[in-house]
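Student: I have a structure open and would like to learn how to read it. Could you walk me through it?

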Amino acid sequence: MTNAPQFPEEMGFSQESSLERDAARLDECVARLAEARKMISSIIFGQNDAVEQTLIGILSGGHVLMVGAPGLGKSLLAHTLGKVLGLLDKRVQFTPDLMPADILGSEVLEEGADGKRAFRFIKGPVFCQLLLADEINRASPRTQSALLQAMQEREVSVAGYSHKLPEPFHVLATQNPLEQEGTYPLPEAQLDRFLLEVRLGYPDADEERKIVTKTTGRYPARPRQVLQTDDLVEAQDFVRRLPMPDRVLDTIITLCRECRPESTSLADIRENVAWGPGTRAAQALSLACRARAMLFGRFAPSIEDIEELAVPVLRHRFGLTYGARAEGFTAKGLITDALAHLQEKN
């Protein structure tokens, strides 16, 4: 990072910025992230894009929704991230009978040695730094909504009292896209709280052979802690301090507006999208692009980062019409078309 090129001030980069004064610390941060990524990739095979995107989501300080068939490593990825990044991780298996108190905690009436009774709050599993919400769409909307305040405000309210969650706090939720019987689709308000939707697909033949060989031996690889919690918090701070070139910011704003039926110039989006990504989507894409730039050792985000992250950031913030689904339109395809349209204009 210390050898990064200097950028002209008219692009929004100050020669006297505090980030440049902290260049040595930033170099160390990038090196630690590279080591962490290497460690994660030594445990998780065949899912490079998912590893990269999930790590970007955590570096951005956000939450990640992981979608994929059973047996593709979603839970293993979450556990590995917690171990490598030095985060206190907990897991909740979402089921139809799960109640909000099972996640948040509850108050119990206790009698002390002096015979007096008082309520004591017993913290639920949400009081951690990395919460794996496994098969989140199997719980009722009432239980799903219990996470809304935790995800957005980093606190929970029980019996009229607010309780702060540990810092940092991240939710990695998994969702099975194949089996929909007995599930409750996540409401749009909660989907919007996820910074990224990460899709895990089947590995290719070589990667699958490697997975089977490495994981069924007598001594399977174990994740090793690479970062401390303070290291991750510092990295998240650096992400927000990275400068954003005007051209990249303008492209993010224009892309989000092109994906909304009210403001788009594309007929397919205007006719097939019921609602598009809101301003939170633009904020999420801005942070994710900064995080990806730092992950790859760059001083500032570029248009390439937008191209790589637009789909995972925006696709779960789309509402397609029934007619669009029947005709085979997808959020990914519409986002790709919008990106291609912007590239042609530029």
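Tutor: Happy to: we will go through the sheet, a hairpin, some backbone details, the cysteines and the pockets. Keep in mind that this is a predicted model.

Student: Let's begin with the open sheet. In what order do its strands come?

Tutor: Strands of a sheet pair through backbone hydrogen bonds, either parallel or antiparallel. Here 5 strands line up as β2-β5-β8-β1-β9, with parallel pairing. At the edges are β2 (89–93) and β9, each of which pairs on one side only. On average, neighbouring strands of this sheet are turned by 20° against each other, direction ignored.

Student: How many bridges join β1 to β9?

Tutor: There are 6 bridges between these parallel strands. For a landmark, find Leu65, which stands opposite Glu197 in β9.

Student: And in which sense do β3 and β4 pair?

Tutor: That pair is antiparallel, with 7 bridges between β3 (residues 105–111) and β4 (residues 117–123). Together they make a hairpin with 5 residues between the strands, and Gly115 in the turn has a positive phi of about 85°. Across the pair, Glu107 stands opposite Phe121 in β4. Another residue to look at is Glu110 in β3. Its C-alpha atom is 7.0 Å from that of Arg120, with the two residues 10 apart along the chain. Glu110 is partly exposed, at a relative accessible area of 33%.

Student: Which residues other than glycine have a positive phi?

Tutor: Most residues other than glycine have a negative phi, and most peptide bonds are trans. Two residues to check here are Glu135, with phi near 50°, and Arg154, with phi near 60°. Glu135 sits in the loop between β5 (130–134) and α6, while Arg154 is in the loop between α6 and β6 (155–158). Glu135 is partly exposed at 22% relative accessibility, and Arg154 is partly exposed at 24%.

Student: Where is there a cis peptide bond?

Tutor: Look between Glu167 and Pro168, where omega is about -10°. Pro168 belongs to the loop between β7 (161–164) and β8 (170–175).

Student: How many disulfides are there?

Tutor: The count is 0. A disulfide needs two cysteine sulfur atoms within 2.5 Å. The closest cysteine sulfur to that of Cys256 is in Cys259, 6.6 Å away, so the two are too far apart for a bond. Is Cys256 buried or exposed? With 1% relative accessibility, Cys256 is buried, and Cys128 is buried too, at 0%.

Student: What is the volume of the largest pocket, and which residues are closest to its centre?

Tutor: Its volume is about 820 Å³. Of its 29 lining residues, Leu191, Glu197, Arg315, His316 and Phe318 are the closest to the centre. Elements that give two or more residues to this lining include β1 (63–68), β9 (194–200) and α15 (331–345). By class, the lining has 12 nonpolar, 9 polar and 8 charged residues.

Student: What about the second largest pocket: which residues are closest to its centre?

Tutor: This pocket has a volume of about 560 Å³. Among its 26 lining residues, those closest to the centre are Ser60, Gly61, Gly62, Arg154 and Arg240. At least two lining residues come from each of α6 (141–153), β9, α9 (229–241) and α12 (279–295). The lining splits into 10 nonpolar, 8 polar and 8 charged residues.

Key:
Residues numbered from 1 in each chain as written. Predicted model: local features only at pLDDT ≥ 70, side-chain atom pairs only at ≥ 80, totals over all residues. Heavy atoms only, no water. 1 Å grid on protein atoms, 1.4 Å probe; cavity = no way out; pocket = protein on both sides within 12 Å on 5 of 7 lines; lining within 4 Å. Points joined across faces, edges and corners; volume = space filled by probe spheres on them. Helix = DSSP H or I, 4+ residues; strand = E, 2+ residues; numbered from the N terminus. Nonpolar A, V, L, I, M, F, W, Y, C, P; charged D, E, K, R; others polar. Buried < 20%, exposed > 50% of the residue type's maximum accessible area, 1.4 Å probe, protein only. Pairing = 2+ DSSP bridges. Axes fitted to C-alpha atoms, helices over the stretch in contact; angles between N-to-C directions.
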